[in-house]
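Colleague: I am new to this structure. Could you take me through it, and tell me what stands behind each label?

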2 protein chains.
Amino acid sequence: MPTRKNAGPAVTPAASRRPRPSGGSASERRDHLVKLAAELFARKGFQATTVRQIADEAGILSGSLYHHFDSKETIVDEVLSTFLDDLVARYRAALEVGGTPREVLSEMVRIGFSTLEPHRAAITVMQNDWNYLLSLPGDRFAYLMKAEEEVERMWLEQIKAGQAAGEFRPDVDPKLTYRMIRDTIWVAVRWFRPGGRLNTTGLAEHYITMLFDGLATGERTSQQGS
Amino acid sequence: MPTRKNAGPAVTPAASRRPRPSGGSASERRDHLVKLAAELFARKGFQATTVRQIADEAGILSGSLYHHFDSKETIVDEVLSTFLDDLVARYRAALEVGGTPREVLSEMVRIGFSTLEPHRAAITVMQNDWNYLLSLPGDRFAYLMKAEEEVERMWLEQIKAGQAAGEFRPDVDPKLTYRMIRDTIWVAVRWFRPGGRLNTTGLAEHYITMLFDGLATGERTSQQGS
DNA sequence: GTCTATACGGCGATAGAC
DNA sequence: GTCTATCGCCGTATAGAC
């Protein structure tokens with residue numbers, strides 16, 4: 001079942017706005033075009049990708065694209081909202097399962113790295129064109145910030161819970177820590193390629209080790225309280 | 001003295017290509033234009049920034065820009081090469097000072113974060129437009145990869161030395177570890193703003209703690225050998 | 001060193017035939 | 001659902017006056 005799980009409401013407008021045809025064949029074509037466009041956006045950047053290039057890739061002319069989408073922005077909107085809906089749904093599910101803060105955070109790290117392969121293009125676009133899309137006139141891409149805020153709340157909750165339980169060191173800033181974790185995960189799309197020495201699972205476990213236990217061997221230093 | 005220290009040769013072509021006028025007044029104007037352009041590139045992206053906008057910002061017309069630069073690419077070239085020359089020179093200097101791997105790595109982390117403020121715009125451009133610039137026809141921006149490779153060698157050397165000395169855990173991958181450190185530092189330009197709770201020094205110390213000792217309190221887990 | 005004026009191409013998007 | 005044809009705009013860059 002490739003459609004949304006019922007773990008919560010859609011967080012992005014485009015996802016709920018999108019019509020759900022019965023046969024599915026009409027939207028398969030559309031989805032295919034979105035995938036092609038996403039690859040180009042990721043490789044060249046949103047603005048540097050022209051509607052003619054997208055159409056070329058699909059073997060049609062640029063004018064024909066406008067039978068499926070009313071603008072280039074609509075396409076990138078769909079790329080990003082599809083990814084964010086999936087991501088947020090999986091985070092919510094992980095929180096429902098529960099566990100110690102360390103267990104939940106580990107799972108959230110795994111979820112993040114596991115999206116690297118299926119959503120590589122979308123994550124790349126999100127990283128490179130986030131600021132530009134937010135700077136566009138109108139509120140069209142405001143949902144990007146909304147999604148980011150919900151995700152941040154979920155992470156912060158766990159980090160703070162871990163500190164309150166004495167599981168995490170009290171002398172680190174939760175927000176700062178969250179940002180560094182988040183960035184480390186997403187920025188990996190820049191260099192991660194499937195088929196390398198490590199798959200995304202190995203990547204996640206490597207990072208979980210570093211995150212919780214650090215690079216150093218031996219005794220810890222500067223373990224002073226808050 | 002704002003010019004290059006004699007800690008090594010320039011690593012970027014643009015830097016050595018650039019004429020060094022005696023009076024300095026002529027190049028001050030040029031440097032000013034580069035700074036204005038860098039801010040716009042950082043805010044809107046290289047491609048989305050037009051030469052007309054750059055000229056507007058400087059209070060001249062777009063045609064007049066071409067008295068100073070022969071193309072828009074030349075401007076971004078100068079933005080990036082100035083930053084990279086400074087960065088590489090400082091890394092080289094840190095390696096010359098020496099110390100234990102942990103000390104040297106800590107210093108390299110500090111150097112990285114300390115560039116966030118003076119080179120904020122350049123780092124942002126580097127992050128967002130790296131792929132696009134490398135994809136341009138010709139070898140013009142190939143020096144970006146050259147610089148990146150030299151920097152990677154410097155980091156890997158220290159990580160591996162630390163593992164050989166038993167200072168760092170042997171069960172992490174040096175290259176992977178380097179990439180994650182590098183990404184965590186640079187990606188901070190996305191959210192770091194001077195005047196917040198933490199300055200770049202505090203940021204660096206926070207990260208050094210996390211990097212070496214991790215988030216967890218208490219005993220370490222999974223300390224198996226290679 | 002800046003301005004005026006403009007060349008030239010490619011951009012996103014549209015209308016209507018098929 | 002795609003093509004043909006095209007509109008109007010804006011992009012980088014240039015030439016020559018001042």
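Colleague: Which phosphate contact does a backbone N or O atom of A:L61 make with DNA strand D, and at what distance?
Modeller: This is a predicted model, so every value here is computed from it. A backbone N or O atom of A:L61 lies 2.7 Å from a phosphate oxygen of DNA strand D. The cut-off for a polar contact is 3.5 Å. The A:L61 pair therefore counts as one.

Colleague: What makes A:H68 and B:V51 polar contacts of DNA strand D?
Modeller: A polar side-chain atom of A:H68 lies 2.9 Å from a phosphate oxygen of the strand. For B:V51, a polar backbone atom is 2.9 Å from a phosphate oxygen. Both values are within 3.5 Å, so both pairs qualify.

Colleague: Which residues around DNA strand D come nearest?
Modeller: There are 14 residues around the strand, and A:L61, A:H67, A:H68, B:R52 and B:Y66 come nearest. By class, the surface there has four nonpolar, seven polar and three charged residues.

Colleague: What share of the strand's atoms within 4 Å of the protein belongs to sugar or phosphate?
Modeller: That share is 65%, and the rest belong to bases.

Colleague: Why is A:T74 called buried?
Modeller: Its relative accessible area is 12%. Buried means under 20%, so A:T74 meets the definition.

Colleague: Where does A:T74 lie, and what is it in contact with?
Modeller: A:T74 lies in helix 5 of chain A, residues 72–97. Its side chain joins that of A:S71 in a polar contact of 3.2 Å. Leaving aside neighbours within four places in sequence, A:T74 is in contact with A:R30, A:F69 and A:R140.

Colleague: What does UniProt place at residues 27–87 of chain A?
Modeller: An unreviewed UniProt entry places the feature "domain: HTH tetR-type" there. In the model, that span is 75% helix and 0% strand. Its end C-alpha atoms lie 22 Å apart.

Colleague: How do you know that helix 2 of chain B is close to its expected span?
Modeller: Helix 2 covers residues 25–44, which makes 20 residues. From first C-alpha to last it reaches 29 Å, and 28 Å is expected at 1.5 Å a residue. After this helix comes B:G45, whose phi is positive, near 95 degrees.

Colleague: Which helices do the buried residues of helix 2 of chain B pack against?
Modeller: They pack against helix 3 (51–58), helix 4 (62–65), helix 5 (72–97) and helix 7 (120–135) of chain B. Among these buried residues are B:L33, B:L36, B:L40 and B:F41.

Conventions: Residues are numbered from 1 along each chain as its sequence is written. Chains are lettered from A and ligands numbered from 1 in the order in which they are written. This is a predicted model: local features need pLDDT of at least 70, side-chain atom pairs count only at pLDDT 80 or more; totals for chains, interfaces and linings use all residues. Side-chain values use heavy atoms; hydrogens and water are left out. A residue is near a molecule or strand if one of its heavy atoms lies within 4 Å of it. A polar contact is a pair of N or O atoms within 3.5 Å; within protein, one must be able to donate a hydrogen and the other to accept it, and residues adjacent in sequence count only if both atoms are side-chain atoms. Ala, Val, Leu, Ile, Met, Phe, Trp, Tyr, Cys and Pro count as nonpolar, Asp, Glu, Lys and Arg as charged, and the others, Gly among them, as polar. Helices (H or I, at least four residues) and strands (E, at least two) are DSSP runs, numbered from the N terminus. The expected span of a helix is 1.5 Å times one less than its number of residues. Buried means under 20% relative accessible area, exposed over 50%, partly exposed in between (1.4 Å probe, protein chains only). Contact means heavy atoms within 4.5 Å. UniProt positions are given in the numbering used here, feature names are shortened, and annotations may be inferred rather than shown by experiment.
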